[in-house]
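Here's a quick tour of one chain, from the outside in. Have a look at the fold before reading on.

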Amino acid sequence: MRVVLVGARGFIGGAVRRELARLHPDIRPVCITRGQPPPGDDARWISMDLSRVSVTTVRRALDRAAPDVVVNCAGFTGRSRRGLVDANARVVLNLLVAASDMRRPPRVVQIGSGAEYGEGAPGRASRETDEPHPAGPYGATKLIATQLVTSAAESGLDALVLRVFNPIGPGAPEQSLAGAAARKIRTALELGLDHVELGPLDAFRDFVDIRDVARAVGIACATEGLAGAVLNVGSGTAVTARMVVGTLVAASAYRGRITERGAGSDRSQRVSWQEADVTLVRRLLGWRAEIPLERSTADLWASLTANPHATAMSSRTA
């Protein structure tokens with residue numbers, strides 16, 4: 001199986017690359033990145049901003065790679081509306097058009113987001129058949145990408161979406177709740193601070209280990225008959241952000257106080273509950289989340305302390 005992996009340097013993309021190597025040791029994916037390839041990496045890299053080049057240029061790159069599957073893990077979570085549109089929608093459009101134009105079109109696996117749903121009803125899991133109501137521009141641009149994929153599938157392209165909820169685990173970026181909290185706890189331990197200040201932690205989210213996410217991607221790459229599917233990838237259980245931070249505190253053995261102040265993020269204020277209904281992904285992929293939250297946060301803490309100079313990942317994961 002020949003794979004083109006877009007966004008291989010990001011949190012999800014890096015995990016997918018490792019999982020593909022585990023499942024198929026003979027696979028050396030072609031990795032497309034906006035920036036420069038990492039030094040000393042033996043993968044085949046293409047430096048290209050897929051949102052800024054023509055469809056013809058994208059198609060030529062895909063023609064040279066001749067992939068069976070294209071996996072798009074690229075995305076942007078920042079505040080720039082142009083950045084959101086470019087990374088979350090325009091990249092997907094260019095990939096889909098280029099793939100459709102190929103003599104032997106590859107399967108396209110798009111990494112979507114639970115943010116596409118917006119606010120969920122407390123106690124109810126979001127189903128793929130629910131009408132999405134994204135609460136902000138990030139979810140809105142990811143929803144546009146999903147709609148582009150399903151439209152391409154209706155036109156004959158073998159394309160699907162894995163709608164990932166809140167990925168967590170080793171390497172979690174600072175833009176994420178767990179990544180930010182872990183770094184603040186690390187700083188408090190280093191400086192001997194007796195408290196860590198975070199925003200409100202009462203929102204409910206569905207957290208899923210990044211390694212479970214990557215495993216779902218690996219299965220989707222090799223499973224036939226999924227064209228047009230949109231599949232939730234989550235644990236199937238909503239927990240409070242406070243519980244996540246509590247497991248990080250336990251993993252770090254931090255003895256100080258966690259204080260909750262301020263208004264919190266815009267998304268936390270607008271989306272107080274999200275949980276994934278994972279019935280469909282279990283039926284079609286035979287997949288379910290296996291790694292418990294406590295292990296995810298313990299491994300996140302271990303990855304952060306193993307690299308004391310770890311810095312925030314870019315909000316753009318291409």
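## Surface and overall shape

Starting from the outside, the chain exposes about 14100 Å², and carbon and sulfur atoms supply 50% of that area. Keep in mind that this is a predicted model.

In terms of secondary structure, there are 10 helices and 12 strands. The radius of gyration comes out at 19 Å, close to the 20 Å that the globule rule gives for 318 residues, so the chain is as compact as a globular protein of that length. Its C-alpha trace spans about 60 × 45 × 35 Å along the principal axes.

## Inside the chain

Buried residues account for 52% of the 318 in the chain. Among contacts with a separation of 6 or more, 81% are between residues 24 or more positions apart.

The largest nonpolar core has 61 residues, and Val16, Val71, Leu162 and Leu285 touch the most other members. Helix α6 (residues 210-222) gives the most to this core, with 7 residues. Leaving aside residues up to four places away in sequence, Val16 touches Leu5, Val71, Cys73, Ala214 and Val217. There's also a second, separate core of 28 residues, with Val30, Val91, Ala99 and Ala159 among them.

## A closer look at α6

How many of the 13 residues of α6 are buried? The count is 10, so the helix is largely enclosed by the rest of the structure. Those buried residues include Ala214 and Val217, along with Asp212 and Arg215.

At the start of α6, a side-chain oxygen of Asp209 comes to within 2.8 Å of the backbone nitrogen of Arg211. The helix length checks out too: at 1.5 Å a residue, its 13 residues should span 18 Å, and the end C-alpha atoms are 19 Å apart, which agrees.

Key. Residues numbered from 1 in each chain as written. Predicted model: local features only at pLDDT ≥ 70, side-chain atom pairs only at ≥ 80, totals over all residues. Heavy atoms only, no water. Core = buried A, V, L, I, M, F, W, Y, C linked by side-chain atoms within 4.5 Å. Buried < 20%, exposed > 50% of the residue type's maximum accessible area, 1.4 Å probe, protein only. Helix = DSSP H or I, 4+ residues; strand = E, 2+ residues; numbered from the N terminus. Contact = heavy atoms within 4.5 Å. Expected span 1.5 Å × (residues − 1). Polar contact = N/O pair within 3.5 Å; in protein donor to acceptor, adjacent residues only side chain to side chain. Rg over C-alpha atoms; globule rule 2.2 N^0.38 Å. Areas by Shrake-Rupley, 256 points an atom, 1.4 Å probe, with all protein chains shown as cover.
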